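Colleague: Please take a close look at one part of this model for me, namely its aromatic rings, and explain each term as you go.

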Amino acid sequence: MASSVLSRCVTAAVKVKRFSPALSVRRWLLSAAYTDTSLWEAREKDPHNLAQLAVTMDRTYDKNLPVSSLSVSRFVDNISSREEVEQAEYYLYKFRHSPNCWYLRDWSVHSWVRQCLKYGARDKSLYTLKNKVQYGIFPDDFTFNLLIDPYIKDGDFKSACSVVEEVMLQEAFDLPSTQILSLYALGSYFAARPQLTMSEDRAMGASLLISGLKQDNTVGLSAQLLGNALLGKVEILGGIHAVFRGMPLFWGRGYLYRALAVMERVAAASDDIKLSKDTLDHMGELLQELSSSSDSDSSGEESGGEEDKKEEAGDEDDLAEKAKLPQYITRFKELSCQLETRGKVDSASLQDLVSTFAQQNLAAAEKPDLEQYESRLQAWEAEKRQLIQREKEQREKANQEREERLAAKAAAQQA
C-alpha cells in the first residue's frame with residue numbers, strides 16, 4: 001500500500017516536471033535559426049592584423065588625430081580570442097572619448113556583442129552595455145535579444161533583467177520578440193522574490209511597466225500592475241523625483257493610483273482578461289509595508305530649523321501623495337474583492353503566465369525579425385563598402401598630394 005502511494009506521488013512529480021512551462025523553458029526560447037551565426041559569418045571578410053591595427057590607432061591618437069570608425073570596426077570584426085576581446089574593449093573606450101565618438105557603426109556594436117558571446121566574454125558585453133556612455137554601446141532590438149537569451153537559458157535572470165533594464169532605458173521594446181523575452185526574464189526574476197534596493201525597485205518597476213504597456217492581455221496588465229506598484233513604492237519612500245530622474249517615465253505623481261486604475265480596468269472589462277494572483281498579493285504586501293513604514297516615520301518626525309521647513313514645503317506634493325496611502329489601501333481591498341467575485345484573478349503565477357505566453361507567441365515573432373535582420377545586414381555591408389571605397393580614395397589623394405609636395409620641394413632645391 002505504502003509503495004503504491006509512493007509510486008503515484010513520484011509519477012505525479014514527474015508529470016509536473018515534464019509539463020511545467022517554467023521547467024521546459026529551454027525547449028522554446030529563441031530558436032537555433034535565430035541565434036545561428038552562419039548569416040553573420042558569411043558576410044564579406046576584411047582581414048587585418050590586430051597588432052598592426054593597434055599600432056596604427058595608437059600612433060593616430062598620439063598625434064591627436066581622429067581614428068576612423070572603420071578602424072574600430074575592423075578591430076572588433078577580427079577578434080579571435082578572449083584576450084583580444086579585452087583589447088577591443090580598450091579601443092572602444094578610446095574611440096568613445098575621441099572627436100569621432102558619434103560615428104561608431106551599428107554593425108560594430110552588433111559585432112562586439114556577437115564576439116563577446118562567441119569567446120565566452122558575455123560579462124564584457126554586459127559591462128560595456130551598462131556603461132554605454134563610456135563605450136558607446138547602444139544595441140538594436142535584435143542584438144538585445146541575442147544577449148538576453150543566453151542569460152535566460154542559463155537561469156541567470158538577474159543579469160537578463162539587467163539587459164532588459166537597458167532595453168527599457170533605450171525604449172527599444174518595438175519587436176514583439178523583445179517584449180516576450182523581457183517579460184519572461186522579469187517574471188522569472190520576480191518569482192524568486194529577490195530583496196531589491198530602491199534603485200532596483202525603480203528599474204524593475206519601469207521595465208515591467210513599459211514592456212507591459214505593449215501587451216493588452218493578462219500578462220501585460222499584470223506586468224503593468226506590478227510595475228506601477230513598485231514605482232509607487234519608490235514614489236512614497238523617495239518622492240516623485242526619485243522615480244522619473246533618468247527614466248523614460250511619466251513625470252506625474254500617483255503611481256499607486258495608476259496601479260489601482262489597472263485593477264479597475266480589469267474588474268470592469270467584459271472580456272477574459274485577468275490579473276495574476278501573485279502580483280495582487282505582492283501589491284497588497286507592498287501597501288502594508290508602506291503603511292507600517294509611514295506610521296513609524298510619522299511617530300518619529302520632528303521639525304528642526306528653517307532649512308527643514310523649506311525642504312518640507314518643497315516636498316508638499318510628495319507628502320500629499322503619501323497622505324493618500326490609507327485611501328489606496330482601502331480601495332485596493334475593494335477592488336480585490338471585485339476581482340475575486342467576477343472571476344478576474346488568475347491563479348497562475350506571473351512566471352507561469354509569461355512562460356505560456358512565450359511558448360505560444362515567440363516562434364511566430366521570430367520570422368519577421370530574421371527577415372529584417374537579413375535586410376539590415378545587406379544595408380550594413382553596402383555602407384561598409386562605401387566607407388572602404390572612400391578610405392581608398394582619400395588615401396590615394398593623400399599620396400598624390402604628398403608626391404606633388406615632394407616634387408615641388410625637389411624642384412625648388414634644384415632651382
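Modeller: What follows deals with the ring pairs, and then with the charges that sit over rings.

This is a predicted model, in which local features need pLDDT of at least 70 and side-chain atom pairs count only at pLDDT 80 or more, while totals for chains, interfaces and linings use all residues. Residues are numbered from 1 along each chain as its sequence is written, and side-chain values use heavy atoms, with hydrogens and water left out.

There are nine aromatic pairs in the structure, where rings of Phe, Tyr and Trp (its six-membered ring) pair if their centres lie within 6.5 Å, and planes under 30 degrees apart are called stacked, over 60 edge-to-face and the rest tilted. One of them joins Tyr-34 and Phe-142, whose ring centres are 4.6 Å apart and whose planes stand at 20°, so this pair is stacked. Because Tyr-34 belongs to helix α2 (residues 32–35) and Phe-142 to helix α10 (residues 141–153), the pair ties together parts that lie 108 residues apart in sequence; helices here are DSSP runs (H or I, at least four residues), numbered from the N terminus. Tyr-34 has a relative accessible area of 1% and is therefore buried, and Phe-142, at 2% relative accessibility, counts as buried too, the cut-off being under 20% relative accessible area (1.4 Å probe, protein chains only).

Another aromatic pair, formed by Phe-157 and Tyr-184, is edge-to-face, with 6.1 Å from centre to centre and 65° between the planes. Phe-157 is part of helix α11 (residues 157–169) and Tyr-184 is part of helix α12, so here the parts tied together are 27 residues apart in sequence. Both Phe-157 and Tyr-184 are buried.

To return to the stacked pair, Tyr-34 and Phe-142 also belong, together with Tyr-373, to one aromatic cluster.

Rings in this model also lie beneath charged side chains. The charged end of Arg-96 sits over the ring of Trp-102, at 5.6 Å from the ring centre, and the charged end of Arg-122 sits over the ring of Tyr-151, at 4.4 Å from that ring's centre. The wording "sits over" has its own cut-offs, namely that NZ of Lys or CZ of Arg is within 6 Å of the ring centre and within 35 degrees of the ring normal.

Technical notes. Helices (H or I, at least four residues) and strands (E, at least two) are DSSP runs, numbered from the N terminus. Buried means under 20% relative accessible area, exposed over 50%, partly exposed in between (1.4 Å probe, protein chains only).
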